[in-house]
Amino acid sequence: MIFLSAVIAFTLLCVLCVAATTWSARTVDSHLGPKDLTRLQKVFVDGLSSNDLQAIFFASLNIETTDAATKEALCKKIATLHTESKLNNFEKDYYLIGANRNLRCSTKIDEALLSKVYSSLDSELATTQEIYYRLATHKALGVQVSDAVQAKIVKRLQEVLKRDDTLSGLGYAFNVAIQLGPSASFIADRTEDAIVQADEVDGRLLQFEGGLSITALILNGVFGVSKAFNKPAPVTADQAVKFANYLLSRRSVQTAKGAHVLIEALKTISSADKISPICIQLIGNGQLEAQSPTLNVAVVDLLGKPLSPPVTSLSAKISVKKDGSVLAEKIQLVSKSSDKTTYAADLSSLKPGRGIYQAELNGDGVYKQNLQFKVLGRVKVQTLEVGIAESDASAATRKQSVSYPNKLKDTLTADSTQKLLLKVLLVDESTNKPIAVHQVFVRLQNRETDKEIIFVAEQDSSKAYKFDMDVGNQGKNFNFQNGLYNIYLTVGDASLSNSFDWLLAPVQLKFNQPDRDVKPRHVNGPLPEIEHQFRVPDKRPPRIVSDIFTGLCITPLVLLFVFWAKLGINVSNFTLSPSTIGFHLGFGGILALFFVFWLRLNMFQTLRLLIPIAVFTFLCGNRLLRRLYAQRNAKNPAGAS
């Protein structure tokens, strides 16, 4: 039993150690770079020229307008936009007064508006959002809120939170508490309630329902409350990384408000002690030359600025990605800039070959990051032979060697009974060992027409690449066009720094012409038109069959009239009342509609016409039957009783 407990304890300890390694990573893959900041700056510039009061406020908060004429026009513009704005009064009042202060407008704000703002804190504020904006407006005006009013607001804040504890309500409440000070310290107990409501996405991102604005509002509020009341932040290092990943994923925001809250939230997380994540990333495209493999790494905060304090020690474990073999357990990276944002490690002593490598970086034992980089190799053509052979192997192959990057002086000649052969051995320039590359193509280009045919060279068991083209069998691909062709060898690979396209030799190709003219293939241009043919209609029956069938259908109607003529028709009860005439007209209309349906209408057209006629016929028939029943009762009162 004691042994089992010890095993369980040891297992838990191992799990906690692994978890601690993951949680202490505190790194992200990217940061707001110069391009991002330039684009966000443009968003603010566009915000100043917009007709949106909110956009002008946030834009003026982040960029300064120096032109006096532009500033004066904006000051007049915001007054007009305030009047026309459909925002809540407390929100648009804040934007107007804040923009007026940011722009340093010379025009004074309307006294009636100021009077309303000053007295707003004495009223019953309905939401935490209204409380926040009213307090922020007083702060923008430089008005000190008295202790009595603050006590009233704290009490009101508690009342509002009892019935509105949504994420938005909590977010504004946190920011209100920061302004109120110690009297609102009760709000610190609610920070964990907000953080646990964050939604995790793909195990990498954390965000709050409502998007960027709500997420930034809560993060700024939570960290602000923790700092104001000297409380530990209810956010772990792992959560901070995930929140940072979410914020960085929203760097393409297009509104001035979104750009402002994004920058402010990133600043807030970056300034959080003990949990703030940093960015460790490769400088450049992560491709190192084999002759001078220097690993360059940038270490910055989420806004791309130097760390304070900087990382004192940064080391890396280098391993091969393919098989996991370790080249070096600990390589020290040395700072290459005065602000300690750039670190470098010379890997020449490791003699890394061509391939992909993993670098596990460790900064001060706190920051961990896995980076992937590629060491580019150089390919060398060790031998290349090109020649002509008989297709039936009746004669010896005539081969000639060519050295890179020279061109064969003689012109090769091949007809339809021969084959064009090529064999090339590619080696690594540093080791002289044969290598395999992604692309080895043999390209034949007609000198007159510039048309070209591309073939793939295959690697054999000796690791040499071979190309074998039977001229007679390939005539169709060349459109049987005789002439002088250039032979090119193309070698390419993502891990090579000297991929090349080499002109090897000219070759005269002679094809057997077909017995009939072969139309050239349309490489470019429209394809022949495809004419659609409808199905041939089935053969219809003879005319006499249709006439006999029609006669049989009409026979009952003819018999009806014949029997009426012999028996006599009793029309004594027929009257000229509207219901009688309407019923017979409706019934006749229905019969006529069925006849037209038989000739040309479809079911849906018939139903659309039948419904109103049927309703009319039903109403008239109902009235007709009631009248006939009444007449019968009047003639025979005894039977009716």
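So, Asn446: its side chain reaches the backbone nitrogen of Glu448, at 2.8 Å. Keep in mind throughout that this is a predicted model. Asn446 belongs to strand β16, which covers residues 439–446. Is Asn446 buried or exposed? Buried, because its relative accessible area comes out at 3%, and the cut-off for buried is under 20%. And what sits around it? If you skip the neighbours within four places in sequence, Asn446 is in contact with Lys451, Gln481, Leu484 and Tyr485.

Stay in that strand for a second, because Arg443 is worth a look too: Arg443 is buried as well, at 12% relative accessibility. The side chain of Arg443 meets that of Glu452 in a salt bridge, 3.0 Å from N to O. Glu452 counts as partly exposed, at 38%. So here you have a buried arginine paired with a partly exposed glutamate.

OK, salt bridges more broadly. How many does a search of the whole structure find? The count is 19. The general idea is familiar: side chains of opposite charge can pair when their charged atoms come close. Take Lys466 and Asp460, whose side chains meet at 3.4 Å, N to O. Both ends are partly exposed, with Lys466 at 42% relative accessible area and Asp460 at 23%.

Next pair: Asp547 and Arg543, in a salt bridge at 3.2 Å, N to O. Why are these two about one helical turn apart? Because they're 4 residues apart in helix α14. Arg543 is exposed, with 64% relative accessible area, while Asp547 is partly exposed at 42%. There's also a network: Asp93, Lys116 and Arg134 are joined by salt bridges that share partners.

Back to helix α14, which runs over residues 543–567 and also holds Phe563. Phe563 counts as partly exposed, at 46% relative accessibility. Phe563 is part of a nonpolar patch on the surface, along with residues including Ile554, Leu557, Trp564, Leu567 and Ile569. Together, the patch residues come to about 1100 Å² of accessible area.

Now hold on to Ile569 and jump to Thr191. How far apart are Thr191 and Ile569 in space? C-alpha to C-alpha, it's 96 Å, with their positions 378 residues apart in sequence. Thr191 lies in helix α10, residues 191–195. Thr191 is buried, with a relative accessible area of 6%. Its side chain reaches the backbone oxygen of Ala188 at 3.0 Å. Leaving out neighbours within four places in sequence, Thr191 is in contact with Phe174, Val222, Val225 and Pro234.

Last thing, the annotated domains. An unreviewed UniProt entry puts "Ribophorin II N-terminal" on residues 33–270. Over that stretch the chain is 67% helix and 3% strand, and its end C-alpha atoms are 15 Å apart. The record, again unreviewed, also has "Ribophorin II second" on residues 278–375. What's the secondary structure there, over residues 278–375? It's 0% helix and 56% strand, with the end C-alpha atoms 26 Å apart.

Methods: Residues numbered from 1 in each chain as written. Predicted model: local features only at pLDDT ≥ 70, side-chain atom pairs only at ≥ 80, totals over all residues. Heavy atoms only, no water. Buried < 20%, exposed > 50% of the residue type's maximum accessible area, 1.4 Å probe, protein only. Polar contact = N/O pair within 3.5 Å; in protein donor to acceptor, adjacent residues only side chain to side chain. Contact = heavy atoms within 4.5 Å. UniProt positions renumbered as here; feature names shortened; annotations may be inferred. Patch = residues over 30% accessible without salt bridge, like charges linked within 9 Å, V, L, I, M, F, W, Y side chains within 5 Å. Areas by Shrake-Rupley, 256 points an atom, 1.4 Å probe, with all protein chains shown as cover. Salt bridge = Lys/Arg side-chain N within 4 Å of Asp/Glu carboxyl O.
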